[in-house]
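Q: I have a structure open and would like to talk it through with you. Could you start with whatever term I need to know before we go into the details?

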Amino acid sequence: MQDARNLLETGEKLKVHTEELKLLRAQFRATRTWSNRAKKCNLEQGSIHVSDIKELIEEHENLLIEMPDELEALKLATIGYCICRRPYEGFMIGCDSCEVSFV
């Protein structure tokens, strides 16, 4: 994202007006909007539905600018969770984080 921002700033300083720069500007805005939505989806509280998370992941695939940190957080949110929203692997008897027992 920072690389795209730097390119846009350089183009503006040089007063460049090309279709590529217009496309980059539009993609920068789209990526920034997507990033804000991803950050505001409250992954930690578990208040977003899995289908909404998957929709954000699919939208990321169509972006020209990649956001790997946000994407990774969204992908992690689609795996199995305890009621405390922390990921777990395999069969869970009790959560190590919140001490909830599933037996």
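A: Helices here are DSSP runs of H or I with at least four residues, numbered from the N terminus. With that in hand, Lys15 can be placed in the loop between helix H1 (2-13) and helix H2 (19-39). Please keep in mind that this is a predicted model.

Q: OK, and how many helices and strands does the protein have?

A: The protein has 4 helices and 0 strands, and read along the sequence it follows the pattern α-α-α-α.

Q: How confident is the prediction, and where is confidence lowest and highest?

A: The average pLDDT of the protein is 82, and 75% of the residues score at least 70. Confidence is lowest in H4, with a mean of 88, and highest in H2, at 93. As a general caution, where pLDDT is low, the predicted coordinates should not be read in detail.

Q: Back to Lys15 for a second. What is its phi?

A: Phi of Lys15 is near 55°, which is a positive value in a residue other than glycine, and Lys15 takes it just after H1. Most residues other than glycine have a negative phi.

Q: And is Lys15 buried or exposed?

A: Lys15 is exposed, because its relative accessible area is 65% and the cut-off for exposed is over 50%.

Q: Now H1 itself. Which of its residues are buried?

A: The buried residues of H1 are Ala4, Leu8 and Gly11. They cover an arc of only 65° around the axis, so they sit on the same side of H1. On the other side of H1, Asp3 and Lys13 are exposed.

Q: What do the buried ones pack against?

A: The buried residues of H1 pack against H2. As for its dimensions, H1 has 12 residues and reaches 16 Å from its first C-alpha to its last, close to the 16 Å expected at 1.5 Å a residue.

Q: Switching to the interior: which residues have the most contacts inside the largest nonpolar core?

A: That core has 13 residues, and those with the most contacts inside it are Trp34, Cys41, Leu43, Ile48, Ile53, Leu56 and Leu74. H2, H3 and helix H4 (68-76) each supply at least two residues of this core, and H3 gives the most to it, with 3 residues. Apart from it lies another core, of 6 residues, among them Leu8, Leu21, Leu24 and Phe28. In soluble globular proteins, nonpolar side chains tend to be buried together.

Q: You listed Ile53. Where is it, and what does it touch?

A: Ile53 is in helix H3, and it counts as buried because its relative accessible area is 0%. Not counting residues up to four places away in sequence, Ile53 touches Leu43, Ile48, Leu74, Ala77 and Thr78. In the case of Ala77, the two residues are 24 apart in sequence, while their C-alpha atoms are 7.6 Å apart in space.

Q: Which other residues of H3 are buried, and what covers them?

A: Besides Ile53, the buried residues of H3 are Leu56, Ile57 and His60. The four named, Ile53 included, cover an arc of only 100° around the axis, so they lie on the same side of H3. What covers the buried residues of H3 includes H2 and H4, whereas on the other side of H3, Glu58 and Glu61 are exposed.

Q: A histidine in that list caught my eye. What does His60 touch?

A: His60 lies in helix H3, which covers residues 50-61, and it counts as buried because its relative accessibility is 6%, where the cut-off is under 20%. Leaving out residues up to four places away in sequence, His60 touches Trp34, Ile65, Glu66, Met67 and Leu71.

Q: And in H4, is Asp69 buried or exposed?

A: Asp69, which is in helix H4, counts as exposed because its relative accessibility is 64%. The C-alpha atoms of Asp69 and Ser35 are separated by 9.9 Å, with their positions 34 residues apart along the chain.

Q: Last one, about the whole protein: what percentage of its residues count as buried?

A: Of the 103 residues of the protein, 28% count as buried. Its accessible surface comes to about 7500 Å², of which 51% belongs to carbon and sulfur atoms.

Terms used. Residues numbered from 1 in each chain as written. Predicted model: local features only at pLDDT ≥ 70, side-chain atom pairs only at ≥ 80, totals over all residues. Heavy atoms only, no water. Buried < 20%, exposed > 50% of the residue type's maximum accessible area, 1.4 Å probe, protein only. Contact = heavy atoms within 4.5 Å. Core = buried A, V, L, I, M, F, W, Y, C linked by side-chain atoms within 4.5 Å. Expected span 1.5 Å × (residues − 1). Arc of directions from axis to C-beta. pLDDT = per-residue confidence, 0-100. Areas by Shrake-Rupley, 256 points an atom, 1.4 Å probe, with all protein chains shown as cover.
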